[in-house]
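Good morning, and thank you for the time. I would like to take you through one structure, moving from helix packing to aromatic rings and then to a few individual residues.

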Amino acid sequence: MTPIRTERLILRNWEERDRDLFHRINSDETVMEFFPFRRDRAQADAKMDEMRAEIARQGYGWTAVEIAATGQCIGFVGLHDVEIEPILPAGAIEIGWRLAPEFWGHGYVTEAAAALFDYGFETLGIDEVSSFAVANNNRSTAVMERLGMRRDPSRDFDHPSVPDTHPQLRFHVFYCMTREDWQARKKAAR
């Protein structure tokens, strides 16, 4: 993957120096509030290796986000293949994010995601990008709305990967942006 630069950020593949941060954001109770799992160090290292290989293989995935001025990795924002039948069939692409809490509220996810929409629609030729979150995850759904994604209640769903031990995390709300939505948004911004 060729790194993507924004005004303040660099979106890039994972590097060895990112392991501590990656483990921290995958085990932190606040960051993982809406997930039914936490990763120990070995699990986080394995997941980061998997993500790094995916990005190298296909040119996109859960990309590391670095503050350009400092070189500090703050988490990830990325485009990712997802399949959750019948809501998201094979070939669907989602956008998602996870940052360390001290970097919340600075507009980093919005800035990175806007660049990834450009990359996805212009370079990868994606027709639709989806995003979904636990229904009461107001921080994530607020980002989706700031990005111009539209809510589609007809596609809300109970996530099949959420175990019965966490019923409060099962119901997910669905947002999407089509290529046409993105083009209209870009045209209106000019």
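Before the first pair of helices, one definition is needed: a helix axis here is a line fitted to C-alpha atoms over the stretch in contact, and the angle between two axes, taken between N-to-C directions, runs from 0 to 180 degrees. Please also keep in mind that this is a predicted model.

I begin with helix α3, residues 108-123, and helix α5, residues 179-189. Their axes come within 11 Å and cross at roughly 120°. How are α3 and α5 oriented to each other? Angles from 65 to 115 degrees count as roughly perpendicular, and α3 and α5 are therefore oblique to each other. The crossing of α3 over α5 is left-handed. On the α3 side, the residues that meet α5 are F117, D118, F121 and E122, and on the α5 side they find R179, W182 and K186. Sorted by class, this contact has 3 nonpolar and 4 charged residues, with no polar ones.

The second helix pair is α1, residues 19-27, with α2, residues 41-58. Here the packing angle is about 115°, and the axes are 9 Å apart. That makes α1 roughly perpendicular to α2. The handedness of this crossing is right-handed. From α1, the contributing residues are R19, D20, F22 and H23; they meet R41, A44, D45, K47, M48, D49, M51 and R52 of α2. By class, the α1 contact with α2 has 7 charged, 4 nonpolar and 1 polar residue.

One residue of that contact, F22, leads to the next topic, the aromatic rings. How many aromatic pairs does a search of the whole structure find? The search returns 9. Consider F22 with F76: the ring centres are 6.5 Å apart and the planes stand at 35°, so this pair is tilted. F22 belongs to helix α1, whereas F76 belongs to strand β4, residues 73-84, so the pair ties together parts that are 54 residues apart in sequence. Are these two residues buried or exposed? F22 counts as buried at 1% relative accessibility, and F76 is buried with a relative accessible area of 4%.

A further pair is F103 with Y108. The centres of these rings are also placed 6.5 Å apart, with the planes at 55°, so this pair is tilted. Both F103 and Y108 are buried. Beyond single pairs, ring pairs link W14, F22, W62 and F76 into a cluster.

I turn now to individual positions, starting with L11. This residue is found in strand β2, residues 9-12. L11 is buried, its relative accessible area being 0%. Setting aside neighbours within four places in sequence, which residues does L11 contact? They are M1, P3, I4, T63, A64, V65, A112, A115 and L116. L11 and G75 are 64 residues apart along the chain, and their C-alpha atoms are separated by 10 Å.

G75 appears again with L99, a residue of strand β5. The two are 24 residues apart in sequence, yet the C-alpha to C-alpha distance is 4.2 Å. L99 is buried, with 5% relative accessible area. With neighbours within four places in sequence left aside, L99 is in contact with I25, V31, I74, G75, F76, W104, Y108 and V109. Two residues from the ring pairs, F76 and Y108, are thus included among the contacts of L99.

Between β4 and β5 there is a backbone feature to note. A cis peptide bond joins E85 and P86, with omega at about -5°. P86 sits in the loop between these two strands.

My last position is E128, in strand β6, residues 128-134. Is E128 buried or partly exposed? E128 counts as partly exposed, at 26% relative accessibility. Its C-alpha atom and that of A92, 36 residues away along the chain, are separated by 7.6 Å. Apart from neighbours within four places in sequence, the contacts of E128 are I93, F121, R155, C176, M177 and T178. F121 brings us back to the start, as one of the α3 residues that meet α5.

That concludes the presentation, and I would welcome discussion.

Technical notes: Residues are numbered from 1 along each chain as its sequence is written. This is a predicted model: local features need pLDDT of at least 70, side-chain atom pairs count only at pLDDT 80 or more; totals for chains, interfaces and linings use all residues. Side-chain values use heavy atoms; hydrogens and water are left out. Helices (H or I, at least four residues) and strands (E, at least two) are DSSP runs, numbered from the N terminus. Angles under 35 degrees count as roughly parallel, over 145 as roughly antiparallel, 65 to 115 as roughly perpendicular and the rest as oblique. A crossing is left-handed if the near helix is turned anticlockwise from the far one by less than a right angle, and right-handed if clockwise. Contact means heavy atoms within 4.5 Å. Ala, Val, Leu, Ile, Met, Phe, Trp, Tyr, Cys and Pro count as nonpolar, Asp, Glu, Lys and Arg as charged, and the others, Gly among them, as polar. Rings of Phe, Tyr and Trp (its six-membered ring) pair if their centres lie within 6.5 Å; planes under 30 degrees apart count as stacked, over 60 as edge-to-face and the rest as tilted. Buried means under 20% relative accessible area, exposed over 50%, partly exposed in between (1.4 Å probe, protein chains only).
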